[in-house]
Amino acid sequence: MRKTGSQDNRRVCSFCGKRQQEVSRLIAGPDVNICDECIHLCNGLLVQESAPTAQKPAIVHNLKVPKPHEIFDVLNQYVIGHSETKKVLAVAVHNHYKRLRQSMHFQQGDPLFDVEIEKSNILLMGPTGSGKTLLAKTLAKVLDVPFTIADATSLTEAGYVGEDVENILLSLIQAAEGDIARAETGIIYIDEIDKIGRKTENVSITRDVSGEGVQQALLKILEGSVCRVPPGGGRKHPQQEYIKINTTNILFICGGAFVGLKELIQRRVGRGVLGFVDQEARKGTLRPFGGEMHPEPEDLVRYGMIPELIGRIPVVASLAELSEDDLVRILVEPRNSLVSQYQKLMAMEGIELSFTDTALRELAKLAHKRGTGARGLRAMVERLMLEVMFEAPRRNTGGTIRITKAMVDQQRVDPDSVTVELKAAS
């Protein structure tokens with residue numbers, strides 16, 4: 001005779017292993033059982049996964065889309081020079097985020113309702129220290145969207161030592177504090193994109209795992225696709241759970257110095273010239289490599305970028321090398337100017353810091369000569385202020401410090417002279 005009661009007592013949940021008497025209810029299936037506690041847990045996971053999708057329309061609806069002139073005005077407050085490039089960026093970014101809200105402007109039946117506006121990623125080209133990264137950071141600040149910077153040189157093709165291309169999405173998710181829907185409207189700046197170019201124009205028969213292979217891997221996330229990102233970073237594993245993120249509405253800004261591209265452009269422009277041509281006369285026919293001159297796709301292909309990648313980054317903006325006057329303005333004019341930053345540091349020690357005009361000009365002259373752009377200015381000011389920043393907290397005397405051209409020439413402020421000034425001021 002069958003003892004159903006004893007068999008019911010032996011039933012356990014196939015998921016958590018709890019027996020029937022340990023839970024409120026145990027639902028039996030043909031081959032498996034599940035308890036009410038596991039049902040609630042599974043339901044919570046499903047709700048959590050579907051929540052970002054439900055929140056997405058609200059996030060897009062509340063997204064601020066400043067007008068191009070408003071973006072341009074804010075960029076002017078933080079970045080010196082590059083007026084033409086700022087206009088290109090302002091229009092491209094405005095159109096990108098206006099694209100996200102297109103469903104709010106057109107209704108079913110409208111002739112333009114079914115027209116899909118394609119995404120336009122941006123390529124910034126210019127020498128080091130010209131302000132490429134700062135432009136991208138400022139754009140994210142204007143729009144109040146998650147922002148992250150990725151280094152293209154650390155990426156490799158899947159299966160090789162290095163980082164997968166999908167890992168750059170993880171830092172954007174972290175910047176959005178885990179909010180997938182918000183991350184899907186963010187900005188990713190891929191720096192050093194020129195370093196992953198093919199070494200030659202010919203297709204290689206060997207693996208180029210950190211060059212052409214990475215470019216191929218970038219194609220799907222730049223154009224827009226649902227990517228699976230390992231939550232802890234690192235390589236993918238068959239048993240690992242993934243975070244799904246759609247890159248269709250993520251704006252990608254790629255930046256690089258593209259050293260040597262100028263010569264490729266000049267070679268193309270000078271193509272077809274026969275006989276002896278005066279070099280100075282030839283130079284006069286060429287526009288400078290900067291905001292006025294844009295490379296053709298064939299120039300980028302010769303540089304080592306694959307045509308498919310170039311096609312996915314239609315907006316190209318070039319930044320000219322900063323002049324000596326630009327570097328002087330960078331020291332004092334932007335909201336977070338270098339001089340203001342060190343004045344704030346010194347003010348926290350009760351010290352009033354100032355620079356003479358000749359000192360500022362000398363700093364700009366040295367940075368321009370070294371070809372390091374705005375980044376070189378910080379390195380020089382940091383070295384110049386080292387002794388002052390070391391002594392000021394210890395002496396705690398307050399006072400004033402005035403940086404002169406002679407101090408810049410010595411590349412240091414003499415601690416003894418600072419002590420005299422501090423004592424005299426106090």
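Which side chain meets Arg-361 in a salt bridge? The partner is Asp-325, at 2.8 Å from N to O. Welcome to a set of close-ups from a predicted model; the legends below begin with this pair.

**View 1. Arg-361 and Asp-325 bring two helices together through a salt bridge.** Arg-361 belongs to helix 15 (residues 357-370), while Asp-325 sits in helix 13 (residues 324-332). The two residues are 36 residues apart, and their pairing links distant parts of the chain. Neither partner meets the under 20% cut-off for buried or the over 50% cut-off for exposed, so both are partly exposed: Arg-361 has a relative accessibility of 35% and Asp-325 has a relative accessible area of 45%. Elsewhere, Glu-192, Asp-194 and Lys-195 are joined into one network by salt bridges that share partners.

**View 2. Lys-18 and Glu-37 form a salt bridge.** Here the closest N and O atoms are 2.6 Å apart. Lys-18 comes from the loop between helix 1 (4-10) and strand 1 (26-28), and Glu-37 from helix 2 (residues 36-62), 19 residues apart. Look for both side chains in partly exposed positions, with Lys-18 at 32% relative accessibility and Glu-37 at 36% relative accessible area.

**View 3. Glu-223 reaches Arg-312 in a further salt bridge.** The closest N and O atoms lie 2.9 Å from each other. Glu-223 is part of helix 8 (residues 212-223) and Arg-312 is in the loop between helix 12 (307-311) and strand 9, so this contact ties together parts 89 residues apart in sequence. Arg-312 is partly exposed, at a relative accessible area of 23%. For context, the salt bridges in the model come to 13.

**View 4. Strand 3 pairs with strand 8 and with strand 9.** Strand 3 (residues 122-125) runs parallel to strand 8 (residues 251-256), with four bridges joining them. Its pairing with strand 9 (residues 315-318) is also parallel and again uses four bridges. Leu-124 is a handy landmark: opposite it stand Gly-255 in strand 8 and Ala-317 in strand 9. In a regular strand, side chains alternate between the two faces of the sheet. Accordingly, look for Ile-122 and Leu-124 pointing one way, and Leu-123 and Met-125 pointing the other way. All four of these side chains are buried.

**View 5. Ile-190 is among the best-connected members of the largest nonpolar core.** This core has 40 residues, and those touching the most other members are Ile-168, Ile-190, Ile-193, Leu-218, Ile-245, Phe-252 and Phe-258. Beyond its neighbours within four places in sequence, Ile-190 contacts Ala-150, Ala-152, Ile-168, Leu-218, Phe-252, Ile-253, Cys-254 and Gly-255. Another core lies apart from this one and has 30 residues, including Met-346, Phe-355, Ala-367 and Ile-401.

**View 6. Helix 6 carries several buried residues.** Within helix 6 (residues 167-175), the buried residues include Asn-167, Ile-168, Leu-169, Leu-170, Leu-172 and Ile-173. Follow the chain just past this helix to find Glu-177, with a positive phi of about 55°.

**View 7. Phe-258 and Tyr-303 make a tilted aromatic pair.** A search of the whole structure finds one such pair. The ring centres are 5.2 Å apart and the planes meet at 50°, which is why the pair counts as tilted. Phe-258 lies in the loop between strand 8 and helix 9 (261-269), and Tyr-303 in helix 11 (residues 297-303), so parts 45 residues apart in sequence are tied together. Both rings belong to buried residues, with Phe-258 at 2% relative accessible area and Tyr-303 at 19% relative accessibility.

How values were computed: Residues are numbered from 1 along each chain as its sequence is written. This is a predicted model: local features need pLDDT of at least 70, side-chain atom pairs count only at pLDDT 80 or more; totals for chains, interfaces and linings use all residues. Side-chain values use heavy atoms; hydrogens and water are left out. Buried means under 20% relative accessible area, exposed over 50%, partly exposed in between (1.4 Å probe, protein chains only). Two strands pair if DSSP finds at least two bridges between them. A nonpolar core is a set of buried Ala, Val, Leu, Ile, Met, Phe, Trp, Tyr and Cys residues joined through side-chain atoms within 4.5 Å. Contact means heavy atoms within 4.5 Å. A salt bridge is a side-chain nitrogen of Lys or Arg within 4 Å of a carboxyl oxygen of Asp or Glu. Rings of Phe, Tyr and Trp (its six-membered ring) pair if their centres lie within 6.5 Å; planes under 30 degrees apart count as stacked, over 60 as edge-to-face and the rest as tilted.
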